[in-house]
Structures are given as structure tokens and as C-alpha cells.
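Here are a few exercises to work through with the structure in view. Try each task before you read its solution.

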Amino acid sequence: GPNGCGKTTLMQLLPRFYDPTSGRVLIDGTDIRDVRLRDLRLRFGLVSQEILMFNDTVENNIRYGKPDATLAEIEAAAHKAHAHSFIVDRLPDGYQTLVGPGGSRLSGGQRQRISLARAILRDPEILLLDEATSQIDIESEQLIFEVLKEFSRDRTTFMITHRVSMISIADRVIVMDHGKIADIGTHDELVDRCDLYRRLCHFGYRESA
């Protein structure tokens, strides 16, 4: 959907960053407000445009996804997120490099790959991807696309994306407009019947979504 139509807000209802003013959010038939907040959020992994990074080492920023992880597990997750090579080849102290406040010493694409490694390490039941590849170059995105395709298997994944190539992962596509769901279907179904979806896909989808 277009900018400001409510995509991120809708997704953020799931881990209770917001609570709905009416209606309920259910997971396996259980109202999420009946679940202890810590237990609820332990089920989620999140990769977004606004990446939370601590002024700590790369290793510890990835380990945040699983506090008891070994270095071998952290490196394996980084390999899957295509982050390992830039960590060891481009950062002065490899996994012990301090990333600066908010990850200020890293590029946007590097921060997103570390965030993806954190989510892979966490191995969540439910994965939330909010423009998770928006700052990654096209070549790296194709590699990460294959990672996400495999990693999303056998887990519930919600994805907000402005890149049509990523949509092929999805079983269902939800089109939003002005805070409401306009249509739901597969990519092919929506291209056939939904004017808004067709416009987003074919006319400036990168800028609009």
C-alpha cells in the first residue's frame, strides 16, 4: 500500500507495540492481551528500517537475539545473513568492532544485515520484516532473498516490502489503503483484479510503498 496507509502500525499490533482501540488480536485463538508481554515477545523476531543498535560490539549486537549464543552460533547466523564477510573483511576489529551509538559507524545496509543475523539467531516462531532489505544493494538482496525464502519455511512470516521481487515468497498478499484492507490474494490474483495493487507494482512501486 501507499505511504502512511497503516502497514507498519498494523504489523506492530502483533508484538503489542500498540493495542487496538477495538477488536482483538488472536494467535492460535488466544487474545494476545491474555499472554504475559515478555512471553509474547519472545515468540517474535523483528527486522525493520529503524534498527535498534547498541553502542557495543558487533558480536553482542547479534547476540541480543539469543543472549546465551556461542560465537560459533553468532558467526553461523551472520553467514546466513550475508554479514560475515563485511564483518571480518571491512571492520577494523571484526566481531569485536564497536558499532557506535545507534550503529553510527555502520552503513544502513550493514545495520540491516546485522539485524537480520540477530533475527536468524533468535529462530523465532513469528518473523516480522518491515522493509528489511530497503538499504541493501540489489546483488546482496538477491542472496538475502534466498536466505529469507528458506528461513521463512515452517514459520509464520509477515513482510512489508516495496520490492516486487520479495513478494514471490508470500502465500498471501494484503493490499492496504487509507488504514483499511483493500484486497487479499496472491500476486497473480491481485494483478488481475486490484487496480491499486497493479499501480503499485508497475508504476513507481519503489517510491509508493
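**Exercise 1.** On the other side of α4, are Ala 72 and Lys 80 buried or exposed?

*Solution.* Keep in mind that this is a predicted model. Start with the cut-offs: buried means under 20% relative accessible area, and exposed means over 50%. By that test, Ala 72 and Lys 80 are exposed. Now turn to the buried residues of α4, which include Ile 74, Ala 77 and Ala 78. Looking down the helix axis, you'd find the buried residues of α4 within an arc of 100°, so they line one face of the helix. That fits a general rule: an α-helix has 3.6 residues a turn, so residues three or four places apart point the same way.

**Exercise 2.** Find what covers the buried residues of α4, then see what follows the helix.

*Solution.* The cover includes α3, α5 and α6. After α4 comes His 82, which has a positive phi, near 55°.

**Exercise 3.** Which residues touch the most other members of the largest nonpolar core?

*Solution.* That core has 32 residues, and the ones to pick are Val 58, Ile 62, Ile 87, Tyr 95, Ile 114, Leu 116 and Ile 120. Next, ask where the core's residues come from: α3, α4, α5, α6, β4 and α7 each give two or more. The biggest share comes from α6, with six residues. Now zoom in on Val 58: leaving out residues up to four places away in sequence, its contacts include Ile 87, Leu 91, Tyr 95 and Ile 114. Last, look for a second, separate core; this one has 11 residues, among them Met 11, Val 25, Phe 44 and Leu 128.

Notes: Residues are numbered from 1 along each chain as its sequence is written. This is a predicted model: local features need pLDDT of at least 70, side-chain atom pairs count only at pLDDT 80 or more; totals for chains, interfaces and linings use all residues. Side-chain values use heavy atoms; hydrogens and water are left out. A nonpolar core is a set of buried Ala, Val, Leu, Ile, Met, Phe, Trp, Tyr and Cys residues joined through side-chain atoms within 4.5 Å. Buried means under 20% relative accessible area, exposed over 50%, partly exposed in between (1.4 Å probe, protein chains only). Helices (H or I, at least four residues) and strands (E, at least two) are DSSP runs, numbered from the N terminus. Contact means heavy atoms within 4.5 Å. The arc is that of the directions from the helix axis to the C-beta atoms.
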